[in-house]
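I opened a fresh page for this one and kept the entries short. Here is what I looked up, in the order I looked it up.

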Amino acid sequence: KNDNASLGDRVSAGANAVTEGAKELVEGGKKEYQGQKAEGAKENVKDKVTPDSSNSGSDKGIIESTTEYISDTIESVGEYLGATTKQAEHKAKEEGHKAERKANKEQAKNSNASLGDRL
């Protein structure tokens, strides 16, 4: 944007903006992955809420079946909560990279800033 800036300065500022943009995209992908993982864990929890009655004729005792059911349900809930937490972490990182990219872009375009500040 600044006609007086050297080619090196412009390339450096552009590279910084591209780098932050790439980091933003990576975090967005990680956030989406964790969202899908959380959704899968949520479905797994729903499946665990309705105990499977096909084991009623098996050799498993009711206490063993109940213990297994509770253990599986707790594990599914833990997976869901862990995935949603990671999703939020990636969202925060994504937003941080987005803000940093915008700041680098504006700094590179500022014709009143010194050469050192633009880099």
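**Entry 1: the buried side of helix 2.** I began with a list: the buried residues of helix 2 are T73, S76, A83, H90, E94, H97 and N104. This is a predicted model, so I kept an eye on confidence as I went.

**Entry 2: confidence.** The average pLDDT of the protein chain is 75, and 76% of the residues score at least 70. Which element has the lowest mean pLDDT, and which the highest? Helix 3, residues 115-118, has the lowest at 63, while helix 2 has the highest at 81. I made a reminder to myself that coordinates should not be read in detail where pLDDT is low.

**Entry 3: overall layout.** I counted elements next and found 3 helices and 0 strands in the protein chain. Along the sequence the pattern reads α-α-α. Helix 1 covers residues 7-49, and helix 2 covers residues 62-109.

**Entry 4: is the span of helix 2 as expected?** I asked how far apart the end C-alpha atoms of helix 2 are. They are 70 Å apart, and this agrees with the 70 Å that its 48 residues should span at 1.5 Å a residue.

**Entry 5: burial and surface.** Of the 119 residues in the protein chain, 21% are buried. The chain exposes about 8200 Å², with carbon and sulfur atoms supplying 54% of that area. I also looked at the contacts between residues at least 6 apart in sequence: 80% of these join residues at least 24 apart.

**Entry 6: salt bridges.** How many salt bridges does the structure hold? There are 4, and I wrote up three pairs in this notebook, starting with the one that links distant parts of the chain.

K31 and E94 meet through their side chains in a salt bridge, with N to O at 3.3 Å. This pair links distant parts of the chain, with K31 in helix 1 and E94 in helix 2, 63 residues apart. Are the two partners buried or exposed? K31 counts as buried because its relative accessibility is 19%, just as E94 counts as buried because its value is 14%. The cut-off I applied for buried is under 20%.

K23 and E20 form another salt bridge through their side chains, at 3.8 Å from N to O. Both of these residues lie in helix 1, 3 residues apart, which is about one turn of the helix. K23 counts as partly exposed because its relative accessibility is 37%, whereas E20 counts as buried because its value is 10%.

E95 pairs with K91 in a salt bridge whose closest N and O atoms are 3.0 Å apart. Both lie in helix 2, 4 residues apart, again about one turn of the helix. E95 is partly exposed at 36% relative accessibility, and K91 is partly exposed at 35%.

Why can partners at such spacings face each other's way? An α-helix has 3.6 residues a turn, so residues three or four places apart point the same way.

**Entry 7: around E20.** I went back to E20 in helix 1 and looked up its contacts. Leaving aside neighbours within four places in sequence, E20 is in contact with H97, E100, R101 and N104. Two of the names in that contact list, H97 and N104, turn up among the buried residues of helix 2 as well.

**Entry 8: around E24.** E24 also has its place in helix 1. Buried or exposed? E24 is buried, because its relative accessible area is 14%. A polar contact of 2.9 Å joins the side chains of E24 and R101. Residues up to four places away in sequence not counted, E24 touches E94, H97, K98 and R101. So R101 and H97 appear in the contact lists of E20 and E24, and I marked both names for this page.

**Entry 9: G40.** My last lookup was G40, which is found in helix 1. G40 is partly exposed, with a relative accessible area of 39%. How far apart are G40 and Y80 in sequence and in space? They are 40 residues apart in sequence and 7.9 Å apart in space, C-alpha to C-alpha.

Technical notes: Residues are numbered from 1 along each chain as its sequence is written. Side-chain values use heavy atoms; hydrogens and water are left out. Buried means under 20% relative accessible area, exposed over 50%, partly exposed in between (1.4 Å probe, protein chains only). Contact means heavy atoms within 4.5 Å. pLDDT is the predictor's confidence in each residue, from 0 to 100. Accessible areas come from the Shrake-Rupley method with a 1.4 Å probe; for residues, only the protein chains shown count as cover. The expected span of a helix is 1.5 Å times one less than its number of residues. A polar contact is a pair of N or O atoms within 3.5 Å; within protein, one must be able to donate a hydrogen and the other to accept it, and residues adjacent in sequence count only if both atoms are side-chain atoms.
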